[in-house]
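Q: Could you take a close look at one part of this model for me? I'd like to understand one strand, its partners and what surrounds them.

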Amino acid sequence: MDKHLQTLASLNAQFGNDNLTFLPVEDELMKAELRFAERAGVQIHLQGAQVTQWTDNHGTENLFTSRSAIYQTGVPIRGGNPIIFPQFGAGAMPQHGFARNTLWRVVDSASNETATCLVLELTAADLSEKQREYWQHQFVLTLTLTLSEFALTSQLQVKNTDNAPFAFTFGFHTYLAVTEITRAEISGLSNLNYMDNLLEKQILTDQRPVVVIDQFTDRRYQHIPAEMVLTDTATGRRLSMQTRGCEDAFVWNPWATAESGFKDLAPNSYQHFVCIEPGCMKTPVVLQSEEEFNAQQQLTILPNS
Ligand code: TA6
């Protein structure tokens with residue numbers, strides 16, 4: 001059997017446990033279901049190592065995944081927490097690079113009294129011929145997902161296993177669920193410069209104490225702080241996003257203006273999510289041969305939420 005080919009049976013036999021089950025999706029795709037404590041859970045699609053659901057131990061779903069999402073080999077899933085690598089946005093390769101629409105491999109799992117985790121990997125050997133046309137470097141991408149009662153941590157490691165340097169941009173393209181977009185507030189971004197993709201990429205500054213979304217928004221905030229907090233004022237729920245290794249963060253919402261251009265977004269979906277996307281987008285990360293880069297996004301539901 002192809003050493004890369006993992007089946008539901010082999011995955012459940014090798015990595016399954018009381019808190020981890022592998023399940024089928026459409027089009028021969030597969031996903032993992034991680035559970036913890038009474039009600040915490042995460043669903044991760046092996047294509048893209050993409051989290052599509054995160055339920056905390058209150059039973060609240062904190063990520064948005066479109067009900068019109070397409071589950072097809074090679075097609076990015078609209079929502080959840082796509083991993084964007086090695087190109088954020090448009091460029092020499094298709095939008096947002098190959099990591100989110102390529103099948104990753106499961107390499108480890110663990111579960112103890114404090115958390116349960118799953119480790120997935122993507123290397124140059126997993127790329128198609130077409131993808132190799134865009135990207136000839138040898139690399140190892142490792143994503144470690146850790147679920148506890150009220151937190152979900154994504155640790156991304158990029159290793160340059162080539163004998164020459166390469167540069168990349170990346171992001172955690174996180175779709176955070178909100179009750180109603182105009183009731184959402186983002187703190188931690190005031191007084192930061194941001195590039196506005198909708199105003200000829202001008203560099204502006206936002207001096208409001210919190211960012212509120214009241215129109216089509218596509219901004220790249222620069223030099224982000226270690227923590228941003230999303231408050232859903234309709235319910236009082238507060239979600240902390242703590243990052244490491246992330247220099248910038250896009251804030252995106254298509255509003256009704258752009259939503260109709262996305263066939264995998266149902267009408268009025270824009271009202272129920274905001275994307276806060278930490279990463280390194282403005283200045284590419286350069287990795288020397290055998291060098292490693294680590295980044296982390298920790299989502300935590302704050303107490304009294
Ligand atoms: O959020 C940044 C962004 O690049 C937006 O400009 C918008 O294109 C969004 O990502 C969605 O991109 P996608 O390729 O997933 O449709």
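**A covered strand and its surroundings**

A: Happy to! Please keep in mind that this is a predicted model. As a starting point for orientation, take an open sheet of 4 strands, paired antiparallel in the order β1-β2-β3-β4. Its edges are β1 (20-24) and β4 (50-55), each of which pairs on one side only. On average, neighbouring strands in this sheet are turned by 20° against each other, ignoring direction. Helix α1 (residues 8-15) packs on the sheet and touches β1 and β2, with its direction at about 180° to that of β1. Between β1 and β2 (residues 30-36) there are 5 bridges, and the two run antiparallel; Leu-20, for instance, has Leu-34 in β2 as its bridge partner.

Now to the strand you asked about, β19, which spans residues 248-253. Of its 6 residues, 6 are buried. The cover extends to both faces: Asp-248, Phe-250 and Trp-252 are buried on one side, and Ala-249, Val-251 and Asn-253 are buried on the other.

Two partners of β19 are worth following. With β16 (residues 217-222), β19 pairs in the antiparallel sense over 6 bridges, and here Phe-250 in β19 stands opposite Arg-220. With β20 (residues 273-287), β19 shares 5 bridges, again antiparallel, and Val-251 has Ile-276 in β20 as its bridge partner.

What about the loops that follow these partners? Most residues other than glycine have a negative phi, so two loop residues deserve a glance. His-223 lies in the loop between β16 and β17 (227-232) and has a positive phi of about 55°. Its relative accessibility is 58%, so His-223 counts as exposed. Glu-290 sits in the loop between β20 and β21 (292-301), and its phi is also positive, near 70°. Glu-290 is partly exposed, with a relative accessible area of 47%.

Finally, the nonpolar cores. The largest has 71 residues, and those with the most contacts inside it are Phe-85, Trp-104, Phe-139, Phe-168 and Phe-170. Apart from that core lies another, of 7 residues, and Trp-252 is among them, along with Phe-64, Ala-177 and Cys-275. Trp-252 is one of the buried residues of β19. Back in the largest core, Phe-85 is joined to Pro-86 by a cis peptide bond, with omega about 0°. Pro-86 lies in the loop between β5 (83-84) and β6 (105-111). Leaving aside neighbours within four places in sequence, Trp-104 has contacts that include Leu-46, Ile-83, Leu-120, Leu-141 and Leu-156.

Conventions:
Residues are numbered from 1 along each chain as its sequence is written. This is a predicted model: local features need pLDDT of at least 70, side-chain atom pairs count only at pLDDT 80 or more; totals for chains, interfaces and linings use all residues. Side-chain values use heavy atoms; hydrogens and water are left out. A nonpolar core is a set of buried Ala, Val, Leu, Ile, Met, Phe, Trp, Tyr and Cys residues joined through side-chain atoms within 4.5 Å. Buried means under 20% relative accessible area, exposed over 50%, partly exposed in between (1.4 Å probe, protein chains only). Contact means heavy atoms within 4.5 Å. Two strands pair if DSSP finds at least two bridges between them. Axes are lines fitted to C-alpha atoms, for helices over the stretch in contact, and angles run from 0 to 180 degrees between N-to-C directions.
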